[in-house]
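Here are some short exercises on a predicted two-chain model. Try each task with the structure open, then read the solution.

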Amino acid sequence: MPTVNPTRMELTRQKSKLATATRGHKLLKDKRDELMREFLDLVRENKALREKVEAGLNEANKNFVLARSTMSSEAVEVAFMASKQEVSIDVSTKNVMSVNIPQFDIQARTSDANDIYSYGFAFTSSDLDDAVKSLSELQQDMLKLAEIEKSCQLMAAEIEKTRRRVNALEHVMIPNYQKNIKDISMKLDENERSTQIRLMKVKDMMLEDAHHYSDKMKEPVEN
Amino acid sequence: MSNYKIAVMGDTDSIYGFAALGMDTYPFTDPVAAGKKLRELAENDYAVIYITEALADNLTAEIEHYRDRMLPAIILIPGVSGNTGKGINAVKKSVEQAVGSDIIFGNN
């Protein structure tokens, strides 16, 4: 930190900077606390949902392995070649304490639930149907998981950033401004005192010139 | 904004079923090719990309790159080879980043 000029103007400037920093510190601290509260709720949900989705996917994967074992890979490939269903996502954003988090809304092309079976039932095993069904039941949860997990990641990054700012203000900037203000006011006081002394000294000298006190002191007192 | 798509990446056995749900599947086992594809998907209209944990193991840098962006959301899923715990680790990492230490998964 470079030293500051000990002037009144600089003092005013430093004081206003300190006021801004203090105010910013308070605001950022509030933001951090609120973000943290939201984040902890969200991350708990994230954990629960992830456990649910992972368990569901493991189940679905078992079914798929089973289905695969009774069919040739060509048959499986053909079965999924022309998917009837097509999904797209509407993405909107939600602002939580200045963090933009995504909201996903799934749009299926066809509303018929049976359209997830993109194949005729004649040449595929029923295990495959089960597998696809178990997967389709997971779809909503998976999308929700994506939304929440992304939100958690974004909020975590924002919390980290905010925390750094709060710490920087609290431990570096604010003490710095306070020190500068103290230094400047001490220097100004010192200047004032030295001016005072100089004036007193000058006054003494002028009185001496006018009245010659010291000569009078030296002269012996007559009578 | 709308009309984003969902992609699924991983080894064929783990992901072929997602095609039935209308998601786009991209079977990969080679991490270099997969990383290239992931970047391509992320820059295009994919809002959500599911990646199997096994494949994601070799794509950490790419996934990390998109972590702070709003889109796409890259989500790890377990593949047929089983659950490696990498997915839940990603959540744990968020907690550690935000709080400074792990307070949610401490008992696991």
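**Exercise 1. The fold of chain B**

In what order do the elements of chain B run from the N terminus on?

Solution.
- Start with the inventory. Chain B holds five helices and four strands.
- Now read along the chain. The order is β-α-β-α-β-α-α-β-α.
- Then check the overall dimensions. The radius of gyration of chain B is 14 Å, and the globule rule gives 13 Å for 108 residues, so chain B is as compact as a globular protein of that length.
- Along the principal axes, the C-alpha atoms of chain B fill a box of roughly 40 × 35 × 25 Å.
- Last, look inside. Of the 108 residues in chain B, 44% are buried. Among contacts in chain B with a separation of 6 or more, 56% come from residues 24 or more positions apart.

**Exercise 2. The sheet of chain B**

Work out the strand order of the sheet in chain B, and say which strands stand at the edges.

Solution.
- The four strands form an open sheet in the order E2-E1-E3-E4 of chain B, with parallel pairing.
- Strand E2 (24-27) and strand E4 (73-77) of chain B each have a single partner strand, so one side of each is left without a neighbour in the sheet. These two are the edge strands.
- Neighbouring strands are turned by 20° against each other on average, direction ignored.
- Next, trace the pairing. Strand E1 (residues 5-10) of chain B is joined to E3(B) by five bridges. Here Ala7(B) has Ile49(B) as its bridge partner.
- Strand E3 (residues 46-52) of chain B is joined to E4(B) by five bridges too, and the two run parallel. In this pair Tyr50(B) partners Ile75(B).
- Finally, test burial. Seven of the seven residues of E3(B) are buried, so E3(B) is largely enclosed by the rest of the structure.

**Exercise 3. Two alanines of chain B**

Decide for Ala73(B) and for Ala54(B): buried or partly exposed?

Solution.
- Take Ala73(B) first. This residue lies in strand E4 of chain B.
- Count its neighbours. There are 28 other C-beta atoms within 10 Å, and the cut-off for buried is 20 or more. Ala73(B) is therefore buried.
- Find its partner. Val48(B) stands opposite Ala73(B). Their C-alpha atoms are 4.8 Å apart, although the two residues are 25 apart in sequence.
- List the contacts beyond four places in sequence. In chain B, Ala73(B) touches Ala47(B) and Val48(B). In chain A, Ala73(B) touches Pro102(A), Ala146(A), Glu149(A) and Lys150(A).
- Now take Ala54(B), in helix H3 (residues 53-56) of chain B.
- Ala54(B) has 19 C-beta neighbours inside 10 Å, so this residue counts as partly exposed.
- Its contacts, again beyond four places in sequence, are Gly10(B), Asp11(B), Gly79(B) and Ser81(B). The C-alpha atom of Val80(B), 26 residues away along the chain, is 9.4 Å from that of Ala54(B).

**Exercise 4. The contact between the chains**

Which element gives the most residues to the side of chain A that touches chain B?

Solution.
- Count both sides. Chain A brings 51 residues to the contact, and chain B brings 36.
- Name the contributors. H1, strand E1 (87-96), strand E2 (99-108) and helix H3 (126-211) of chain A each give two or more residues.
- Pick the top one. H3(A) gives the most, with 18 residues.
- Sort the chain A side by class. The split is 29 nonpolar, 11 polar and 11 charged.
- Place H3(A) on its partner. H3(A) packs on the sheet of chain B and touches E3 and E4 there. Its direction makes about 120° with that of E4(B).
- Look at the two strands of chain A. E1(A) and E2(A) pair in the antiparallel sense over 10 bridges. Ser88(A) stands opposite Gln107(A). Two residues lie between the strands of this hairpin, where Met97(A) takes a positive phi near 50°.

**Exercise 5. A helix pair across the contact**

How do H1(A) and H5(B) run relative to each other?

Solution.
- Get the geometry. Helix H1 (residues 8-70) of chain A and helix H5 (residues 86-99) of chain B pack at about 170°, with axes 10 Å apart.
- Apply the cut-off. Angles over 145 degrees count as roughly antiparallel, so H1(A) and H5(B) are roughly antiparallel.
- Find the residues that meet. They include Met36(A), Phe39(A) and Val43(A) from H1(A), and Ile88(B), Val91(B) and Val95(B) from H5(B).
- Sort the whole contact of H1(A) with H5(B) by class. There are seven nonpolar, three polar and three charged residues.

How values were computed: Residues are numbered from 1 along each chain as its sequence is written. Chains are lettered from A and ligands numbered from 1 in the order in which they are written. This is a predicted model: local features need pLDDT of at least 70, side-chain atom pairs count only at pLDDT 80 or more; totals for chains, interfaces and linings use all residues. Axes are lines fitted to C-alpha atoms, for helices over the stretch in contact, and angles run from 0 to 180 degrees between N-to-C directions. Angles under 35 degrees count as roughly parallel, over 145 as roughly antiparallel, 65 to 115 as roughly perpendicular and the rest as oblique. Two residues are in contact if their C-beta atoms, placed from the backbone, lie within 7 Å. Ala, Val, Leu, Ile, Met, Phe, Trp, Tyr, Cys and Pro count as nonpolar, Asp, Glu, Lys and Arg as charged, and the others, Gly among them, as polar. The radius of gyration is taken over C-alpha atoms; the globule rule is 2.2 Å times the number of residues to the power 0.38. A residue is buried if 20 or more other C-beta atoms lie within 10 Å of its own, exposed if 12 or fewer, and partly exposed in between; C-beta atoms are placed from the backbone. Two strands pair if DSSP finds at least two bridges between them.
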